[in-house]
Amino acid sequence: MTTLPQYNFAYLDEQTKRMIRRAILKAIAIPGYQVPFSSREMPMPYGWGTGGVQVTASIIGPDDVLKVIDQGADDTTNAVSIRAFFAKVAQVETTTHTSDATIIQTRHRIPEKALSKGQVLVYQVPIPEPLRFLEPRETETRKMHALEEYGLMHVKLYEDIARHGRIATTYAYPVKVEGRYVMDPSPTPKFDNPKMHMSEALQLFGAGREHRIYAVPPHTEVVSLDFEDHPFAIQHFEQPCALCGAEQVYLDEVILDDRGGHMYVCSDTDHCEERRAAGHVGDLGVKEAAE
Amino acid sequence: MDLGLDGGFADPVLQSQTAFRAIMDALANPGAVQRLVAPGSPTSSIPPELVSTLLTLSDHDTSIWLDDSLRADSAVLQFVSFHTGAPVVREPGRAAFAFAAGAEHLPRFDQFNLGTQEYPDRSTTIVLAVPALTGGPDLIIRGPGIKDHGRISPVGLPEDFIGQWSANRELFPRGIDLLLVAEGAVLGLPRSTRIAEGH
Ligand SMILES: [Zn+2]
């Protein structure tokens, strides 16, 4: 311990935390609205979720239990590094179990297990503005949000239907929050969109490079944009998880050999492990020895 | 001579984190009373819950408005200046935060900064100390953060509170946010909350 450099608790200085905390409170009061904040340099590159890290650093306390996932997995370099960072600078307990965590920082997935009251889900967001690819000017997109002018977004989705026969967007699928703001749910698969709706947990979104924080309070309406004749639908998988047999979960394709062999397994590694520990076995799974 | 140095958080880093989480939970779960760490007050004219929110949220980047009773006490002004460096403004419309020791000296909500349609976040957050968070007339609340509906019954709300609040709610996404504090606790009413009289 004595060789560690001197950090403030949770790394950020108190003034920065206050500034981010004030932005978080406004974000909660105006669900789906992107609050500007002065993003700070963090000891990790952008793309590593500096926005999410700053949000987590501003809310975390010594009694919190932190879980970090990257594409559903707790064991990627990114997730391990962020977990280790907070274990060091905030001396918090960390976990891989969704239900044990008070704060879950995520890159691109929402855990399969329904979140509960008191939990906070912190999203790492690369591009917070859902209208950005339609309108590059910030002054214009801000005006569009102010006037609730979301026609362009519907035009883009409808062009999808004209071209592909369906809405082709599968990640960062835009949602409308509480009937007011159109919001980018970050590059999570649209499979996860329904989990944002009326969640028991508080959802906070941090975009470091773009200097934006936004939020969805618990019990808040989050509706994926769609059309009456082309209603929103999540991805469906033909087969259950090969390891745990789970259905209605998001699956990743895993290549098994160089002859095209592959299997589909839970993207949420904790969910898969818990199911296997409880005795569930998929087609390619091995029954857990210890039960 | 009292230089305003007394009072405040004994452990500013961890206590302001605890206080912030209470405030955050209060706004994310409107109506649900959250325990608020209440530090020592520099003087009896400022309730400890106001000290707690003041120290947690304000600094030299936030202009703050103080009601007459607070502004009249030089010990409060010295405390604010020494601990936060926040500029104190007289016009409620310029305040990022407004602190009031009671509803009697509080201007109507629409006198505060209501934000703009493009930057609704630039509005005032009002922190109002009331005699109690429960025991008053029954109010029904609905909106984000509230499962179905909730009930609150704070004592000592401003006059024509329902009328003022409805007008504030009409302005959404503009509008003030309200934190009620009493007895070591905080209750949040973000601008998104709809409030009606209970029966
Ligand atoms: Zn599985």
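Biologist: Which residue stands opposite A:Gly206 in S9(A)?

Modeller: Start with the two strands, where a strand is a DSSP run of E with at least two residues and a helix is a run of H or I with at least four, both numbered from the N terminus. Strand S8 (residues 202-207) of chain A and S9(A) pair in the antiparallel sense over five bridges, and pairing takes at least two bridges found by DSSP. Across from A:Gly206 in S9(A) you'll find A:Ile213.

Biologist: What kind of model are we looking at?

Modeller: Residues are numbered from 1 along each chain as its sequence is written, while chains are lettered from A and ligands numbered from 1 in the order in which they are written. Side-chain values use heavy atoms, leaving out hydrogens and water; local features need pLDDT of at least 70, side-chain atom pairs count only at pLDDT 80 or more, and totals for chains, interfaces and linings use all residues, as this is a predicted model.

Biologist: Back to that hairpin. Which residue in the turn has a positive phi?

Modeller: S8(A) and S9(A) form the hairpin, with four residues between them. One of the turn residues has a phi of about 55 degrees, and that is A:His211.

Biologist: How many residues of strand S9 (residues 212-216) of chain A are buried?

Modeller: Buried means under 20% relative accessible area, exposed means over 50%, and partly exposed is in between (1.4 Å probe, protein chains only). On one side of S9(A), A:Arg212, A:Tyr214 and A:Val216 are buried, and on the other side A:Ile213 and A:Ala215 are buried too. The strand is largely enclosed by the rest of the structure, because the buried count is five of the five.

Biologist: S9(A) has a partner besides S8(A), I see. Which residue is the bridge partner of A:Val35 in S9(A)?

Modeller: Strand S1 (residues 35-36) of chain A also pairs with S9(A), antiparallel and over two bridges. A:Val35 is bridged there to A:Ile213.

Biologist: Is the pairing of S2(A) with S4(A) parallel or antiparallel?

Modeller: Strand S4 (residues 103-107) of chain A has four of its five residues buried, so the rest of the structure largely encloses it. A:Lys67 has A:Ile104 as its bridge partner in S4(A). Strand S2 (residues 65-70) of chain A is joined to S4(A) by five bridges, and the direction is parallel.

Biologist: And which residue of S5(A) is the bridge partner of A:Ile104?

Modeller: Strand S5 (residues 120-124) of chain A runs parallel to S4(A), with four bridges between them. In S5(A), A:Ile104 is matched with A:Leu121.

Biologist: What angle do H1(A) and H2(A) make?

Modeller: Helix H1 (residues 14-29) and helix H2 (residues 50-59) of chain A pack with their axes 9 Å apart; axes are lines fitted to C-alpha atoms, for helices over the stretch in contact, and angles between N-to-C directions run from 0 to 180 degrees. H1(A) is roughly perpendicular to H2(A), since that label covers 65 to 115 degrees, while under 35 is roughly parallel, over 145 roughly antiparallel and the rest oblique. Residues in contact (heavy atoms within 4.5 Å) include A:Ile20 of H1(A) and A:Val55 of H2(A). The packing angle is about 100 degrees.

Biologist: Why is the arrangement around the zinc ion called tetrahedral?

Modeller: Donors are N, O and S atoms within 2.8 Å of the metal (3.2 Å for Na, K and Ca), and sites may look incomplete because water is not among the atoms. Here the protein donors are the SG atoms of A:Cys241, A:Cys244, A:Cys266 and A:Cys272, lying 2.2 to 2.3 Å from the zinc ion. Four donors count as tetrahedral if all angles lie between 85 and 135 degrees. These four fit because they subtend angles of 106 to 115 degrees.

Biologist: What spacing do the donors of the zinc ion follow along the chain?

Modeller: Two of the donor residues, A:Cys241 and A:Cys244, are buried, each with a relative accessibility of 1%. Along the chain, the donors follow C-x2-C-x21-C-x5-C.

Biologist: Over in chain B, which peptide bond is cis, with omega near 10 degrees?

Modeller: Most peptide bonds are trans. Look in the loop between H5 and strand S8 (177-182) of chain B, where B:Pro173 lies. The cis bond runs from B:Phe172 to B:Pro173.

Methods
Four donors count as tetrahedral if all angles lie between 85 and 135 degrees; four count as square planar and six as octahedral if opposite donors are over 155 degrees apart and all others between 65 and 115; anything else is irregular.
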